[in-house]
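Student: I have a structure open and would like to talk it through. Can we start with the overall layout and then go inside?

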Amino acid sequence: MRYIQILLSITVFIIFPFDGFSADRGRYTGLTYSAYGGVFMPTGFYEDYLKKGGKGGFNSFYRSESIFPGSGYLHYKGGISYSQIELKSGGSYLRQYDITAGTFASWRINPVLQPFAGVDLHGIYSHLNAKNTGESSRALKPGLSFNLGNMTYLSNGVGIFVMLDYKTTDISGKRYNPLGITAGITFNNNDLERDINRESEAEIKFELYQKAQEEFRNRNFHESKDLFNQVYRMDRQYPG
């Protein structure tokens with residue numbers, strides 16, 4: 001319950017608009033790369049045997065064209081992750097290495113609020129090292145996870161996200177169901193190039209506008225009109 005409260009608090013915080021964020025709705029096109037870390041806790045049968053654990057990983061996802069009215073998108077995801085959790089008996093650890101493939105849908109509401117929900121398939125390699133008995137066991141099992149969260153684009157190709165996920169798999173004939181919260185950073189090269197081009201275009205418009213005003217002050221009205229027209233052909237909403 002504490003993890004859900006944390007996620008809700010973060011979500012409430014990020015829905016308020018910040019002037020520094022881009023309002024462009026065409027973000028995360030093509031491939032986006034992400035790195036993340038977080039904490040998780042076991043639920044169900046293993047809750048009495050395991051402490052809280054930590055995890056981290058790398059993902060990439062590809063955004064399709066809009067499939068919902070407005071700004072709804074479908075994304076295809078793949079990645080790797082590592083998690084570790086200690087047994088309550090002390091000194092023994094369960095380590096898991098995941099390969100994941102999945103999909104998620106997102107809906108862009110405003111520049112900082114783009115909630116998403118998805119499902120992932122896992123190939124999980126588990127290694128349990130029991131210190132007390134000196135035994136070590138390994139297993140390869142499938143898994144399934146469900147997740148929801150929010151993505152926020154910042155600038156220059158970089159974004160952030162928070163996510164709540166629930167995974168289910170099998171360990172020794174019992175269901176292992178960790179509930180986790182993660183936070184991470186994203187990078188998209190297409191967004192980086194778009195922001196660079198936009199900054200360059202803004203500089204060009206500013207220089208043309210300044211020069212047009214100078215020509216107007218010098219009573220070179222024809223040259224001034226041509227320069228103003230160049231600016232407004234680039235941006236009809238340009239102030240002035």
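Tutor: What follows goes through the fold, the salt bridges, the internal spaces and the surface of this predicted model.

Student: How many helices and strands does the protein chain have?

Tutor: There are three helices and eight strands. Read from the N terminus, the order is α-β-β-β-β-β-β-β-β-α-α.

Student: And what share of the residues counts as buried?

Tutor: The protein chain has 240 residues, and 40% of them count as buried.

Student: Next topic, charges. How many salt bridges does a search of the whole structure find?

Tutor: Six. Side chains of opposite charge can pair when their charged atoms come close. One of the six is between Arg27 and Asp191, whose closest N and O atoms are 3.7 Å apart. That pair links distant parts of the chain, 164 residues apart: Arg27 is in the loop between α1 (2-14) and β1 (30-43), while Asp191 is in helix α2 (residues 189-217).

Student: Is Arg27 buried or exposed?

Tutor: Arg27 counts as buried because its relative accessibility is 2%, and the cut-off for buried is under 20%. Its partner Asp191 is buried too, with a relative accessible area of 0%.

Student: What does Lys55 pair with?

Tutor: Lys55 meets Asp165 in a salt bridge, at 2.8 Å from N to O. Asp165 sits in strand β7 and Lys55 in strand β2, so this pair ties together parts that are 110 residues apart in sequence. At 9% relative accessibility, Asp165 counts as buried.

Student: Which residue forms a salt bridge with Asp120?

Tutor: Lys77, with the closest N and O atoms 3.0 Å apart. Asp120 belongs to strand β5 and Lys77 to strand β3, and the two are 43 residues apart. Asp120 and Lys77 are both buried.

Student: Now the inside. How many cavities of 30 Å³ or more are there?

Tutor: Two. The largest cavity has a volume of about 280 Å³. It is lined by 21 residues, and the closest to its centre are Tyr36, Lys55, Ser81, His122 and Asp165. Lys55 and Asp165 are the salt-bridge pair from before.

Student: Which strands supply that lining?

Tutor: β1, β2, β3, β4, β5, β6, β7 and β8 (174-187) each give at least two residues to the lining of the largest cavity. The largest share, four residues, comes from β8.

Student: And how does the lining of the largest cavity split by class?

Tutor: It has six nonpolar, nine polar and six charged residues.

Student: What about the second largest cavity, how much space lies in it?

Tutor: About 120 Å³. Its lining includes Ser34, Tyr36, Asn59, Lys77, Phe104 and Met163. The elements that give two or more residues to this lining are β1, β2, β6 and β7. By class, the lining of the second largest cavity has seven nonpolar, four polar and one charged residues.

Student: Which residue in that lining have we already met in a salt bridge?

Tutor: Lys77, the partner of Asp120, is among the lining residues of the second largest cavity.

Student: OK, pockets. How much space lies in the largest pocket?

Tutor: About 160 Å³. The largest pocket is lined by 14 residues, with Ser126, Ser137, Ala139, Ile171 and Ser172 nearest its centre. β4 (93-107), β5 (114-129), β6 (136-155) and β7 (158-171) each supply at least two residues of this lining. By class, the lining of the largest pocket divides into five nonpolar, six polar and three charged residues.

Student: Last topic, the outside. Which residues make the nonpolar surface patch of about 500 Å²?

Tutor: Leu31, Tyr33, Tyr62, Tyr76 and Phe187 make it. Tyr62 is in strand β2 (residues 50-68). With 44% relative accessibility, Tyr62 counts as partly exposed.

Student: Where does Ile85 lie?

Tutor: In strand β3 (residues 72-87). Ile85 counts as buried, at 1% relative accessibility.

Student: How far apart are Ile85 and Gln96?

Tutor: They are 11 residues apart in sequence, and 8.9 Å apart in space from C-alpha to C-alpha.

Terms used. Residues numbered from 1 in each chain as written. Predicted model: local features only at pLDDT ≥ 70, side-chain atom pairs only at ≥ 80, totals over all residues. Heavy atoms only, no water. 1 Å grid on protein atoms, 1.4 Å probe; cavity = no way out; pocket = protein on both sides within 12 Å on 5 of 7 lines; lining within 4 Å. Points joined across faces, edges and corners; volume = space filled by probe spheres on them. Nonpolar A, V, L, I, M, F, W, Y, C, P; charged D, E, K, R; others polar. Patch = residues over 30% accessible without salt bridge, like charges linked within 9 Å, V, L, I, M, F, W, Y side chains within 5 Å. Areas by Shrake-Rupley, 256 points an atom, 1.4 Å probe, with all protein chains shown as cover. Salt bridge = Lys/Arg side-chain N within 4 Å of Asp/Glu carboxyl O. Buried < 20%, exposed > 50% of the residue type's maximum accessible area, 1.4 Å probe, protein only.
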